[in-house]
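Thanks for coming. I will go through one model today, sheet by sheet, with a few single residues along the way. Please have the structure open.

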Amino acid sequence: MDSLKNCKPADWETGFESRQSAESLMPYKEYTGLIEKSDNDQRQYRLIRLPNNLVALCVQDAEAKEAAASLSVNVGSNANPAEFQGLAHFLEHMLFLGTEKYPKEGEYDAYLASNSGRSNAYTAFMETNYYFSIFNGALENALDRFAQFFISPLFNADCVDRELNAVDSEYKGNLQADGKRFYQFRARTSNPAHPFSGFSVGNTETLKGAAEKLGLDLREELVKFYQKYYSADIMRLTVVGNHSLDVLTEWVASKFSGIASKGNTKPTFEGHPLDKAQLGKLIHFKTVCEKYLIKLQFSLPELKSIYREKPLIYLNTLLDSTEQGSIFSVLRKNGWATAINGGSSGMYFDGFGTYEIDIDATPEGLENYEAIVSIVFGYLKMLAESGPQEWLHQELSLINKAKFDFKDKEKAEDYARGLSKSGQNHYITPQHVLSHDALFYEYDADLISKCLQYLNPSNYRLFIGAKEHKSVECKLEEKYYGVLHNIAELPSHLTSNVKCSRSVSKQLHLPGHNAFLPDNLSVSKPDVLANPPAVEPVLLRKNDKIEVWFKQDDQFFTPHGHIGLTISSESIDNTALNHLLTSLLCELVSAELQEQLYSASIANSKFGIAQAIGSINIDVSGFSSGLPHLLKTVLQKLRTFVVDAQQFSIYLAKVERKIQSRRLNNPMQYLYKWLDAINMTPAFDQDMLEKALKEVTLDGLWAHFESVLGEAYVKLLVSGNYTQFSALDTGNQVLDILQHQPTPRYLISAHRSLNIEPGYFVQNVPIGDEKCLNSAVVSTFYCGSVSDTRDSVALQLLKTLVNDAFFTQLRTSEQLGYRVGARQDSTKNGKGMLIFALEGEANPVYVTLRIDQFICDYRQKLQEMTVEEFESSVQSLISLKQEKLKSIDGEFSRLWTHIISNKYMFDTLDKEVEQLKQLGKDDLLSFWDKYFNKDTAQSYTRLDMQMWSAKLWQPTPEEFEMYPSSVLSLFGCLRSGGHTALSIAEVYSFLLSAAASSSIDTVLGELSELYMSKQAPSTTADSESKKEIIFESVSKIATALQMVIDEANAVPKPATASKTNFASIDMKQSPDGVWLINDYTHFKSSQALHGLPVPTRSLVPVILEPVPAEVSEQSEVADNEAQPSTGKSTHVPTPISNAYGTLAGRIGLWRQAWKRDGQPAATSSSK
């Protein structure tokens, strides 16, 4: 299929001049033309091409403490051989496991981790992207290791099977994930002759199994794939750091020029994933979660060449609209949908594209899917008849220009990854490498019309997704994810002459002009700039109703703002029912605001209203001039909230689906929810919430609404391009609208954390999804106090050091699962937590013991760490903490966290840096011994959350109490292998006599003999060959047996004495001293609570002098002209770029012109 726009690829020859690096004298070519960048962007750029044709963008960010790099290879799953599905993804995994220069497995990740770095990669259809971030001082050595992936990877044979297990685990972990399932299902139902229809992830069967069937060596096929496709000519590199451009260029040229140039190896293919045989289909499919999905998928030509005109952004704006006259407004009025989203996929695909309209339907909407489709095409017909609207394109162009000119910095890693990916679009000119995705360069009405012509009833297929379908049997099964489905021809009335009723057609019309476009982009600057910028906000007002905090922008100087408001009330979530009612209230108010505030989101003014712990949070951000009005709109809607019975029922069902779908989350996510339920009070588990759902009524919602807003306490933070007096005006506005009564602070719902006493506890969580193949363990060590800065930084440093080692050992070496990691957290005003989590197919007791072994072994690694290595890790963490904030939003988030915590510790980072500077290696070892070492920790406190797959044998509470964990682990490994001839009592009896043996081989042999003796005679005829049957894959069984032997030979340790009589609440204790929690609510009731947070400072508002009369007369809530007379802050208007003058002026002229021409757009009621 042709491109939407016939044009030649960009010229990447003109403007490149030959250069030579200063130190290594490596040749390269540098682009000497203009690279268009934001006026707010202080970074420096150099675009170069190496002799091997690798294109690299070097980015100098002088203020950055963190560096990053990303390399994109223009080949992905589109190159998978038909006989080896998933090979590209498997290659992505294997590249991390050693190179000729750095052969040690895991060396790359270990180096990054020791310098506060991280790495990852992804495989897409036409791209594989590798990226990392790291402390700036370690960038050169990281780049050297990174480059070797693409020069001399080893593909060690002994890593192949192990990493294949990781790929298989990744695949199995997503078998019940609707998003992954639907993506693969769409691919598998596309043109089978096109590579898009392939299986992108891969698994053991499609890789190792395929190789065995063909008599081929999988490693050799992997090497062939790498050698065929991984060419410098199709690689794009971005490096971001605070080093000079000359230094970055030197590193790139000297380290990446060694990548082989093999020409343009990008695979090519004919046809389109959606050809005539795939279009015109009605496809019903079953989901895992309770969902109601309608998707119209249209076939489009290649989209890469249209970045200048962006016609699909124009169409997205209209099709995504929730304003009156839109598709969604009609659907919502009928009670048929709760969300709509239109968008193109394939912006980086060669030869094809698609456009998709996704509708989150209600059950009634799904039943009326034909009517919904007719409304969609009715709207598209209206757009075609109305023709492209230049005024709308100009509005979009102006707002995107303003967003680009005042663009905030992204994280270095995200920035590098995005730039390397977009570098694969060969239509983008060197001049536009930074601006291509933001700016509208041209208006092309014909191109918009051409795009619209493709969105027609003869050029789409229709997906209908639900957990159950009333009138359609889904008997077909997709090969890899088992998606049950039915494929039929679309009826003729949905493929030609689709009719939309006259009454509905009258409701569909174009939107009016955007009333939320910013009318003032000037900037208020403080009179005297602090150096460094202030780290604390100013408290302007505090009484029994409200706290008003203010932080003026003193470092970014952009016309942005961020305002946050939290409403705390006694009844927000003090019970499971009230928790649900608050959640439902936020859903309903947000839905009501969608129609009114869609234009605000287009104009870069975002809003949110959401339930938080003990409060309702309201958040508005974007261009500062319109935010006070936006906040006023949101608050007025909240205060005057009215809902009819239909919308109540629709959104109650949505909340219900959201709650119930948690059971179908991946096991690790589900365990984290349960961990929160144990650590905090009040907190509500899955069963409590599902039970409370039955008690939700419309009358109860009204009563709850009045209770929440009747008596409340409000906190407000106004940050960004404002003055103190405009912040106070916003506070007055909040009080005027809410009209709430004060509530005593002690009555407000106080969330407190559990102070778990020393001991080792296990909570088995019921499996949420019986079809899930994976189990999970979340092991939490409680350590230190969150109020002790020294404990806090020690824990942060430990997490930085331990995460990679944990991942390398349990995922890479032992292959226990795909989702593996360590994280640091804390309970509210209580203890710190270091959490080790793993999801995989191994039984949870075995995993728990492997975590134990890792913890035991890791102390030695800490001990062996050199002083230089330790100090380097400390300095890396310090540098990341000293990283300059990148935006007003980032500053708001930091300050808001301290405000809503009720501690107001705004100087936390400075205190943490000071403590880190004083922290020594011995201090870290002492911290480890105090909280993690079972032999030395007097207050050893640990809680393991376990979830067992339904396919696994799980010990009963009685078996837990009777047998040591090592025996349960071994027996579980035997059962997982299908070896069921021995009972657990027989295994335990055998181990009592055999475990003292020092030879693992001897014990393995004896266990094998015992197993065979229990087999029926017909199964033991060939005794010599049968000796291997039980231990064909002995790794886990042998390891489990070794743990039994080690435990038998170890010196017994007395179990930690408990203050609480846990047996009295029906808890069982294992022979190794672990307590099994039977009912976690009883367990929580037996434990003390940590105290409430105490402010770390006196909360005394500043005293402001009266506003000058001439300012007071002009003052409005959104007024940027208001000035305090204290001399601390004055208004200094800074005009925006002359490229478009004053935004309001330009828009006004265009609107007048359109009215003169007699072409006004239909007026939206939101106007």
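I start with a definition: a polar contact is a pair of N or O atoms within 3.5 Å; within protein, one atom must be able to donate a hydrogen and the other to accept it, and residues adjacent in sequence count only if both atoms are side-chain atoms. Next, the ground rules. This is a predicted model, in which local features need pLDDT of at least 70 and side-chain atom pairs count only at pLDDT 80 or more, while totals for chains, interfaces and linings use all residues. Residues are numbered from 1 along each chain as its sequence is written, and side-chain values use heavy atoms, with hydrogens and water left out.

The polar contact I have in mind is at Ser326. A polar atom of the Ser326 side chain lies 3.1 Å from the backbone oxygen of Ser321. Ser326 sits in the loop between α9 (311-319) and α10 (327-333). Helices (H or I, at least four residues) and strands (E, at least two) are DSSP runs, numbered from the N terminus. Is Ser326 buried or exposed? Ser326 is buried, at a relative accessible area of 1%; buried means under 20% relative accessible area, exposed over 50%, and partly exposed in between, with a 1.4 Å probe and protein chains only. Contact means heavy atoms within 4.5 Å. Setting aside neighbours within four places in sequence, Ser326 is in contact with Ser321, Tyr379 and Leu508.

Now the sheet with eight strands. It is open, with mixed pairing, and the order is β1-β2-β3-β4-β8-β5-β7-β6. Two strands pair if DSSP finds at least two bridges between them. At the edges stand β1 (16-20) and β6, each with a single partner strand, so one side of each has no neighbour in the sheet. From one strand to the next the twist averages 20°. For angles, axes are lines fitted to C-alpha atoms, for helices over the stretch in contact, and the values run from 0 to 180 degrees between N-to-C directions.

At the β1 edge, five bridges join β1 to β2 (residues 27-31), and the two run antiparallel. Gln20 has Pro27 in β2 as its bridge partner.

Further in is β5, where eight of eight residues are buried. In a regular strand the side chains alternate between the two faces of the sheet. Here Glu66, Ala68, Ser70 and Ser72 point one way from β5, Ala67, Ala69, Leu71 and Val73 point the other way, and all are buried. β5 pairs with β7 in the antiparallel sense over eight bridges, with Val73 opposite Thr128 in β7. β5 also pairs with β8, antiparallel, over six bridges; there Leu71 has Leu237 as its bridge partner.

Two helices lie across parts of this sheet. Helix α14 (residues 412-422) crosses β3 (44-49), β4 (55-60), β5 (66-73), β6, β7 and β8 (235-241), at about 25° to β5. Helix α2 (residues 107-114) lies across β6 and β7, at about 40° to β7.

How many of the residues of helix α1 (residues 87-94) are buried? Eight of the eight are, so α1 is largely enclosed by the rest of the structure. Those buried residues pack against β6 (118-123), β7 (128-135), α4 (157-173), α6 (205-214), α7 (218-229) and α24 (789-813).

The second sheet has six strands. It is also open and mixed, in the order β16-β17-β22-β18-β20-β19. Its edge strands are β16 (538-542) and β19 (605-612), each pairing on one side only. The twist here averages 15° from one strand to the next. Helix α27 (residues 888-900) packs on this sheet, touching β17, β18 (560-568), β20 (615-623) and β22 (713-720), and its direction makes about 20° with that of β18.

At one edge, β16 and β17 (residues 546-552) run antiparallel, joined by four bridges, and Lys542 stands opposite Glu547 in β17. At the other, β19 and β20 pair in the antiparallel sense over eight bridges, with Ser621 in β20 as the bridge partner of Lys606. Their hairpin has two residues between the strands, and Gly614 takes a positive phi near 75° there.

Last, the cysteines. The structure holds zero disulfides, a disulfide being a pair of cysteine sulfur atoms within 2.5 Å. Cys58 is buried, at 0% relative accessible area, and Cys586 counts as buried at 5%.
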